[in-house]
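Colleague: I'd love a close look at one part of this model, taken slowly and with its surroundings. Could you pick a strand and walk me through it?

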Amino acid sequence: MGMGVGPQRGPKSEINVTPLVDVVLVLLIIFMVVTPMLQRGKDVKLPQAAKVDEEKKEVDPLILSVTLEKTVWVENDRYDDAGLAERLTREFAAQPGRKVLVKGDQRLSFGDVRRVMETARKSGAKSVSLAVEELKGR
């Protein structure tokens, strides 16, 4: 509220929207910058499933992504087979109970994804899960 000047003295009942617009624009920019960072691992087209287990947020899983080119990524770092086993061994030595979430592209054969799952198991993973996209509307 502001005070009027001139013949009509007293408070004005107009809202000053400029600060509101400034705040909304700053929040929009923050969300636009942060949202792409929320996705972990590499972007792959996940297989679809009708029934999906509920997520449990107790422990932050280690994200392994297998892309269409059959490259393996741990979070955002690319690894070959030997480097993958070494990295996973280090991760599980530091956090023995850490879970693994494998994001495999749906166009890959299961053997390609299974190879990564076996490497994780041999490196000491106690729990290996597959990431899927839930079918909506069924």
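Modeller: Gladly; what follows is a close look at strand 4 and the parts around it.

A word on the ground rules before we start. This is a predicted model, in which local features need pLDDT of at least 70 and side-chain atom pairs count only at pLDDT 80 or more, while totals for chains, interfaces and linings use all residues. Residues are numbered from 1 along each chain as its sequence is written, and side-chain values use heavy atoms, with hydrogens and water left out.

The chain has three helices and nine strands, taken as DSSP runs numbered from the N terminus (H or I of at least four residues for a helix, E of at least two for a strand). Buried residues account for 28% of its 138 residues; here buried means under 20% relative accessible area, exposed over 50% and partly exposed in between, with a 1.4 Å probe and protein chains only.

Now to the strand itself. Strand 4 covers residues 62-66. Five of its five residues are buried, so strand 4 is largely enclosed by the rest of the structure. L62, L64 and V66 point one way, and I63 and S65 point the other.

Its neighbours come next. Strand 4 belongs to an open, mixed sheet of five strands in the order 6-5-4-7-8, where two strands pair if DSSP finds at least two bridges between them. Strand 6 (77-79) and strand 8 (128-130) are at the edges with a single partner strand each, so one side of each has no neighbour in the sheet. From one strand to the next, the twist averages 30°.

On one side, strand 4 runs antiparallel to strand 5 (residues 72-74), joined by three bridges, and V66 faces V72 there. On the other side, strand 4 pairs with strand 7 in the parallel sense over five bridges, with L62 opposite V100.

Two helices lie across strand 4. Helix 2 (residues 81-94) crosses strand 4, strand 5, strand 6 and strand 7 (100-104), at about 125° to strand 6. Helix 3 (residues 110-122) lies across strand 4, strand 5, strand 7 and strand 8, at about 155° to strand 8. Those angles run from 0 to 180 degrees between N-to-C directions, with axes as lines fitted to C-alpha atoms, for helices over the stretch in contact.

Now follow the chain out of the strand. Strand 4 and strand 5 form a hairpin with five residues between them, and K70 in the turn has a positive phi of about 65°. Most residues other than glycine have a negative phi. K70 is partly exposed, with a relative accessible area of 47%. Past strand 5, in the loop leading to strand 6, E75 also has a positive phi, near 55°. E75 is buried, with a relative accessible area of 17%.

One last stop is R107, in the loop between strand 7 and helix 3. R107 is exposed, with a relative accessible area of 52%. Leaving aside neighbours within four places in sequence, R107 is in contact with K45 and L68, contact meaning heavy atoms within 4.5 Å. The side chain of R107 also makes a polar contact of 2.9 Å with the side chain of D105. A polar contact is a pair of N or O atoms within 3.5 Å; within protein, one must be able to donate a hydrogen and the other to accept it, and residues adjacent in sequence count only if both atoms are side-chain atoms.
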